[in-house]
Amino acid sequence: MKLLVTGGAGFIGSNFIHYILSEHPNCEITNLDKLTYAGNLENLRDIENDPRYHFVIGDIADRELINNLLHGGYDTIVNFAAESHVDRSILDATPFIETNIKGTQTLLEGARQYRVGRFIQVSTDEVYGSIQNGKFTEKSPLSPNSPYAASKAAADLLCHAYWKTYQLPVIITRCSNNLGPFQFPEKLIPLAITKAWENKPIPIYGDGLNVRDWIYVADHCRALNLAIQRGKPGEIYNVAANQEKMNLELIHQLLDIMGKPRSLVSFVADRPGHDRRYALDAGKITQALGWKPFYSFEQALAATVDWYLNHEPWWRKIKSGEYAKYYDKMYSQR
Ligand code: NAD
Ligand code: TDX
């Protein structure tokens, strides 16, 4: 298996590269990453000298670079590269359009020209929008509410168009909220762990009753591997572990694990357009590919807290740099 992984220096991509190297002794992986604020080669330090792994710095929207790379012959592309943070998309949607839409189209076009055998688009539950009761299936209409979600939905539609028009063998996966090692500490769980560790207030948007459906990142990586091996071209697969939590409930659980007081919770202004609830029906991937999650939410949260507490230099370095500046800017505007 010769894989082009894009965005492999980010949270899920780096977990995925570790997973594939451990599962497939004969694989070859090229990781193409622009190294934006979210890309971090520290996430891959332990495998940087593995002869099966190569890193290329670059932008998925750079047509010439993509064509040069694909000329080398890849059987599979797994596209993780994206601007991924909803709050940033509210401040400035432009990079989301550039990477998530234009970048995906550039990759699709390259894959078409160089006849790549399989294209996995790593999408999200956010493309369906918010749901009050019940769960979204793969047939639910797209109704994205943030610029981030809209850019991911647009990319999904382009993937669909490349399948229908050119029979490019595209598979779209739509996963719920991930937690686990290497997640950038702007996202709720690592933000809360690192704040709590420093006994600082944890910002909770609105009333804290918004619901997210959580999955351990390793379970997402297994689902992606199955989609590569056995997924059907042109299909969409929801990926979720059926572990819904209200944000406030989650933070209370996290503070209890860490032995920190619940008084650290600090209610702040709501996120504009904040989706109330995400919930996915993952029955299709379970039936068709035999996937099911291995980790309970409690196991995943405990393992994630443990990882952050054991990797303090990793997140301290991030928080003392550009991220800190961004964070101040974001909150001064609220
Ligand atoms: P992340 O922000 O941690 O990582 C994104 C990576 O993409 C970074 O390494 C960054 O440098 C790279 N990148 C950004 N723009 C690029 C470009 N133009 N060219 C090349 N590389 C570029 O994101 P993540 O949380 O790991 O998410 C990965 C993918 O999974 C995204 O497509 C996201 O939409 C999707 N997803 C995430 C979640 C989640 O809970 N985090 C859930 C479902 C789906
Ligand atoms: O400081 C915060 N306070 C807070 O209350 C942050 C950062 C978030 N929140 C809330 C907003 C959401 O209801 O917590 C919930 C989770 O927020 P995020 O971690 O920003 O994730 P979310 O907006 O749900 O999107 C995530 O899941 C789907 C990823 O960032 C996306 O990339 C993925 O597609």
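Select N177 and ligand 2. A polar side-chain atom of N177 sits 2.9 Å from an oxygen atom of ligand 2. Keep in mind that this is a predicted model.

Stay on ligand 2 and add L188. Here the backbone does the work of the contact: a polar backbone atom of L188 is 2.8 Å from an oxygen atom of ligand 2. Now add Y205. Again look at the backbone, where a polar atom of Y205 lies 2.9 Å from an oxygen atom of ligand 2.

How much of ligand 2 does the protein cover? On its own, ligand 2 has 650 Å² of accessible area, and the protein covers 94% of it.

Next, show the whole shell around ligand 2. It holds 22 residues. Pick out the closest ones: T124, E126, Y148, R271 and H274. Color the shell by residue class, and you get 9 nonpolar, 7 polar and 6 charged residues.

Which elements should you highlight around ligand 2? Select α3 (86-91), α6 (188-197) and β8 (202-205), each of which supplies at least two residues of the shell. Then single out β8, which gives the most, with 3 residues.

Move to ligand 1. Select G10 first. A backbone N or O atom of G10 lies 2.9 Å from an oxygen atom of ligand 1. Turn to D33, and show its side chain. A polar atom there is 2.5 Å from an oxygen atom of ligand 1. Then select S84, whose side chain places a polar atom 2.7 Å from an oxygen atom of ligand 1.

Switch on the surface. Taken alone, ligand 1 exposes 840 Å², and the protein buries 97% of that. Now bring up the elements. Those giving two or more residues to the shell around ligand 1 are α1 (11-23), β5 (118-124), α5 (147-166) and β7 (177-179). Which of them gives the most? Select β5, with 3 residues in this shell.

Expand the view to the full shell of ligand 1. There are 28 residues around ligand 1, and I12, D33, S84, Y148 and K152 come nearest. By class, the shell splits into 12 nonpolar, 12 polar and 4 charged residues. Pause on Y148. It is listed among the nearest residues to ligand 1, and also among the closest to ligand 2.

Leave the ligands and look at helix packing. Select α8 (residues 247-258) and α10 (residues 297-310). Their axes are 11 Å apart, and the helices pack at an angle of about 55°. How do α8 and α10 lie relative to each other? At that angle they are oblique, because the value falls outside the ranges for roughly parallel, antiparallel or perpendicular. Rotate the view to check the hand: α8 passes α10 in a right-handed crossing.

Keep α8 on screen and swap α10 for α6. You met α6 as a supplier of shell residues around ligand 2. The axes of α6 and α8 come within 11 Å and cross at roughly 40°. This pair is therefore oblique too. What is the hand of this crossing? α6 passes α8 in a right-handed crossing.

Conventions: Residues are numbered from 1 along each chain as its sequence is written. Chains are lettered from A and ligands numbered from 1 in the order in which they are written. This is a predicted model: local features need pLDDT of at least 70, side-chain atom pairs count only at pLDDT 80 or more; totals for chains, interfaces and linings use all residues. Side-chain values use heavy atoms; hydrogens and water are left out. A residue is near a molecule or strand if one of its heavy atoms lies within 4 Å of it. A polar contact is a pair of N or O atoms within 3.5 Å; within protein, one must be able to donate a hydrogen and the other to accept it, and residues adjacent in sequence count only if both atoms are side-chain atoms. Accessible areas come from the Shrake-Rupley method with a 1.4 Å probe; for residues, only the protein chains shown count as cover. Helices (H or I, at least four residues) and strands (E, at least two) are DSSP runs, numbered from the N terminus. Ala, Val, Leu, Ile, Met, Phe, Trp, Tyr, Cys and Pro count as nonpolar, Asp, Glu, Lys and Arg as charged, and the others, Gly among them, as polar. Axes are lines fitted to C-alpha atoms, for helices over the stretch in contact, and angles run from 0 to 180 degrees between N-to-C directions. Angles under 35 degrees count as roughly parallel, over 145 as roughly antiparallel, 65 to 115 as roughly perpendicular and the rest as oblique. A crossing is left-handed if the near helix is turned anticlockwise from the far one by less than a right angle, and right-handed if clockwise.
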